[in-house]
Structure formats: structure tokens, C-alpha cells
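Colleague: I'd like to learn how to read a sheet and its helices. Could you walk me through one?

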Amino acid sequence: MYFHKSFTIQSETRPTFDDVTDKALEIMRQSGIQNGIMIVYSQHTTCSVLIQEQSDDVNYYGTQLILQDMVNGFEKIFPTCLTEGQYLHPGPLHIEIASRERAEEPFWSLNTEAHLRSVLLGRSVIVPVNEGKAELGEFGRIYFADFDQVRARQRTVRISIMGEKA
């Protein structure tokens, strides 16, 4: 059996992390699948899906400290793109096509670090479903991360569940 559902979240103009665990578990329950796998996926190339423990402490923006630590580490590997020419991407052809075909502002393409961070983390997670329960461990939570800092957008979280009903 296969079941698919999606929902949207709203990002901000900084790296954001939405805990989508409860929504994913509700969709898993709706599917009726008792044994199989659940895939939580981002179709957006500047976003990732990850499993991390829930951290009780947050910064002034409400970002859990363990997730902010990850962003701080990424800043050393892939610094935030602040101006054109900092990275090879985006080149002039990309800017021209994005402007012409998608009505994008040129500065919207200054998100190279978001693309690289997303590739490093991946855009999906697979969670085993065993006897109707997601095997996330005691502290595991599913987070949808949006690393794009150039504009706030509505994002789609996709959940596919495959397996058998009881």
C-alpha cells in the first residue's frame, strides 16, 4: 500500500527549522499503514529534512540551540552569500534566465550557501514504521530546515508512507 500527503509551512528570511514530527505522525496514522517506511521529503533545493533531538533551550529567534549550533558550523563551511561573486554561482546566465522566466529579483539568487547546505544534509529522511509506530528513538524529532535567507516563502513538506496495513 502507498499513501501520500503534503502540507505547507512558512519560512522566514533566516535559516528556519520547523518541527514537523507531530504532523508526520498524524499523516502516518491516517494512512493506516502498520509496517513499512515513512519518507519525509523536501522538493525545494535550499531546504533539508533531518532528524535531531529536541533541544529545550532556544535563542531569541526561537531556534533550538542544537539547530543553531549546526547553522553556526555550516557558516564555517559554507558562509552566507552576501554579495555577487562570493561564489561562482549564480553566474550572469542564471540571473538572466531567472529574471526572464521566473520574474525573480537578482538578489534572490544569492543563496548559494543554502543550496550547498541542503546537499550536505539531504532533502529527505526515512523512518521505519513498526506495528503502527514511527521508530524515531526516545528523543528524535523530524525537522524541516529552510536555509534560504534571501526571502520568506511558503514551502511544501511531502510525506509518503509505504507498507502494509494490519
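Modeller: Sure, definitions come first: strands (E, at least two residues) and helices (H or I, at least four) are DSSP runs numbered from the N terminus, and two strands pair if DSSP finds at least two bridges between them. This is a predicted model, where local features need pLDDT of at least 70, side-chain atom pairs count only at pLDDT 80 or more, and totals for chains, interfaces and linings use all residues. Residues are numbered from 1 along each chain as its sequence is written, and side-chain values use heavy atoms, leaving out hydrogens and water.

Colleague: In what order do the three strands form the sheet?

Modeller: Generally, strands of a sheet pair through backbone hydrogen bonds, either parallel or antiparallel. Here the order is 2-7-4, in an open sheet with antiparallel pairing. Strand 2 (16-19) and strand 4 (47-53) each have a single partner strand, so one side of each lacks a neighbour in the sheet.

Colleague: How many bridges join strand 2 and strand 7?

Modeller: Four, with strand 7 spanning residues 140-146. Thr 16 stands opposite Asp 146 in strand 7.

Colleague: Which strands does helix 2 lie across?

Modeller: Contact means heavy atoms within 4.5 Å. Axes are lines fitted to C-alpha atoms, for helices over the stretch in contact, and angles run from 0 to 180 degrees between N-to-C directions. Helix 2 (residues 65-77) lies across strand 2, strand 4 and strand 7, at about 130° to strand 4.

Colleague: At what angle do helix 2 and helix 4 cross?

Modeller: Roughly 115°, and their axes come within 11 Å. Met 70, Val 71, Phe 74 and Glu 75 in helix 2 meet Arg 117, Leu 120 and Leu 121 in helix 4.
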